[in-house]
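Work through these exercises with the model in view. Try each task before you read its solution.

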Amino acid sequence: MKVLVAVKRVVDYNVKVRPKADGSDVDTANVKMSINPFCEIAVEEAVRLKEKGVVSEIVAVSMGPKQSQEQIRTALALGADRGILVETDDELQPLAVAKCLKAIVDKEEPQLVIMGKQSIDGDNNQTGQMLGALTGMGQGTFASEVNVDGEAVKVTREIDGGLQTVELKLPAIVTTDLRLNEPRYASLPNIMKAKKKPLDTTNPGELGVDITPRTKTLKVEPPAERQAGVKVADVAELVEKLKNEAKVI
Amino acid sequence: MSILVIAEHDNAELKGATLNTIAAAKAIGGDIDLLVAGESCGAVGEAAAKVDGVSKVLVADNAAYGHQLAENVAKLVADLGKDYSHILAPATTTGKNMLPRAAALLDVQPISDIIAVESADTFKRPIYAGNVVATVQSSDPIKVISVRTTAFDAVSTEGGSAAVESVDIADDAGVSSFVGEELAQSDRPELTSAKVVISGGRGMQNGDNFEILYKVADKLGAAVGASRAAVDAGFVPNDMQVGQTGKIVAPDLYIAVGISGAIQHLAGMKDSKVIVAINKDEEAPIFSVADYGLVADLFDAVPELETKL
């Protein structure tokens with residue numbers, strides 16, 4: 001079966017971003033960009049399903065500026081077969097991304113869509129669920145285990161109190177949680193081979209999707225700074241301060 | 001304005017997260033209706049009717065909603081939500097699973113994890129693992145919002161006298177079914193609502209060593225949490241994880257033991273009132289957010305802390 005994997009280009013998770021001085025946006029000029037960590041886990045899961053013989057083709061798709069090609073190439077180096085870039089320099093909110101993905105799902109007809117549970121820039125945790133609504137597919141969100149079984153997929157989900165397992169009819173959508181797998185590294189020969197794999201480019205207009213933003217960011221600011229704390233010498237002083245100064249115990 | 005709040009419950013009890021979400025709804029202003037969707041959830045509906053500030057409780061009692069499957073509940077929420085100006089749910093795993101699906105059915109862009117209400121259409125929310133706070137304004141006719149529960153004080157479970165209405169809609173999308181669940185058992189307070197939280201990280205070295213944290217926790221009536229490193233190493237189950245991808249806590253006292261303080265962990269606990277760090281590495285980033293830092297070996301300091309409490 002065919003799997004569609006969505007990947008997003010985001011500021012690398014090790015970079016500590018700061019708002020611009022005028023508070024209009026975060027400063028992303030000259031910072032390292034990477035594939036969103038949850039998307040990496042999604043690619044890995046698709047590749048493992050292919051290695052098990054469950055999946056025959058993996059299509060990696062990304063949306064955003066031309067440079068998002070780099071993240072598609074990373075997915076190709078990890079084992080995806082071909083890529084699709086939905087190119088736009090305009091702001092894409094999760095609803096617009098879900099609509100673009102719906103258009104691609106209609107065309108490609110994958111049996112499974114795997115994507116990250118959230119991107120570490122917007123922290124929205126919405127796109128997979130919204131694609132579920134638009135396509136009518138079942139959704140296995142926050143997956144820590146995925147088992148394809150004939151015409152269905154069993155997904156173990158990380159929920160607040162522990163784990164929950166659901167069964168979804170195929171085609172279905174899975175969003176990945178951190179513990180689903182440990183992504184592999186791309187080897188140099190595979191990075192070279194990935195350059196030759198096909199990568200098609202389209203845009204929201206060609207897909208017939210209106211990407212007009214529905215929310216406007218009025219300003220961004222740093223969170224309230226914490227007051228600098230003190231170092232205590234020993235446990236006795238710590239307990240004394242918690243009791244008498246902070247009064248929390 | 002009228003607001004529909006989606007209740008979080010387990011068919012027997014209304015969960016505390018609902019009370020914080022109602023507080024956010026109050027900050028927006030307007031009539032607040034509460035939807036209890038579940039199976040044999042009549043008792044939850046009755047308890048919900050007493051909650052302060054609720055005008056009406058809608059009870060959708062049907063097998064299709066028994067396990068809160070997003071495919072079924074989102075359809076119900078979208079059907080009922082058309083007549084409201086706002087739809088709110090707590091930003092728990094249940095809320096995050098269902099709400100965006102309902103929003104897409106209504107063709108609106110949801111707003112996740114709000115920490116403040118500026119006006120009926122403008123909200124604050126953290127982005128980039130809490131390193132930045134964005135103020136966003138929605139132009140959608142229906143505002144679909146998930147609420148960070150630690151950012152709003154819970155409303156009282158008493159004092160209300162809402163009418164209870166049953167909803168006769170049974171949406172079963174037929175694409176998903178519940179297979180089973182494994183819930184972690186604990187008699188300590190729930191992590192997200194505890195007044196005191198003590199968390200262990202990679203420095204704990206193994207799962208058995210968490211016993212020393214449990215002892216302190218029992219003396220303080222605290223919940224026990226963990227960093228991602230401790231969860232990934234298999235020391236403790238994943239539902240104990242505090243951080244950007246785990247639970248967000250804001251207790252009166254947070255004690256971080258053997259936790260370095262990566263950005264992703266800080267995102268889950270830096271709104272705690274008082275933070276204590278116990279770590280033997282005095283360069284650990286956790287000390288930059290800690291009110292009280294103790295540079296010491298946790299295997300000496302934690303048992304000593306227990307005896308001194």
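Helices (H or I, at least four residues) and strands (E, at least two) are DSSP runs, numbered from the N terminus. This is a predicted model, in which local features need pLDDT of at least 70, side-chain atom pairs count only at pLDDT 80 or more, and totals for chains, interfaces and linings use all residues. Residues are numbered from 1 along each chain as its sequence is written, chains are lettered from A and ligands numbered from 1 in the order in which they are written, and side-chain values use heavy atoms, with hydrogens and water left out.

**Exercise 1.** Place Ala129(B), then decide: is Ala129(B) buried or exposed?

Solution. Start with the place. Ala129(B) sits in a loop of chain B, between β7 (122-127) and β8 (132-138). Next, take the cut-offs: buried means under 20% relative accessible area, exposed over 50%, and partly exposed in between (1.4 Å probe, protein chains only). Ala129(B) has a relative accessible area of 8%, so it is buried. Last, check the backbone. Ala129(B) is not a glycine, yet its phi is positive, about 55°.

**Exercise 2.** Do the same for Asp107(B). Which class does its accessibility give?

Solution. Find the loop between α4 (93-105) and β5 (111-114) of chain B; Asp107(B) is there. Its phi is near 55°, a positive value in a residue other than glycine. Now the class. The relative accessibility of Asp107(B) is 33%, so this residue counts as partly exposed.

**Exercise 3.** Which residues does Thr21(B) touch, leaving out those up to four places away in sequence?

Solution. Go to helix α1 (residues 16-28) of chain B, where Thr21(B) is found. Thr21(B) counts as buried because its relative accessibility is 0%. Contact means heavy atoms within 4.5 Å. With residues up to four places away left out, Thr21(B) touches Val5(B), Leu88(B), Ala89(B), Pro90(B), Val147(B) and Thr149(B).

**Exercise 4.** What kind of peptide bond joins Leu170(A) and Pro171(A)?

Solution. Locate Pro171(A) in the loop between β9 (162-169) and β10 (172-176) of chain A. Read omega for the bond between Leu170(A) and Pro171(A). Omega is about 0°, and the bond is cis.

**Exercise 5.** Describe chain A as a whole.

Solution. Begin with secondary structure: chain A has 7 helices and 13 strands. Then take the extent. The C-alpha trace of chain A spans about 65 × 45 × 40 Å along its principal axes. Finish with burial: of the 249 residues in chain A, 53% are buried.
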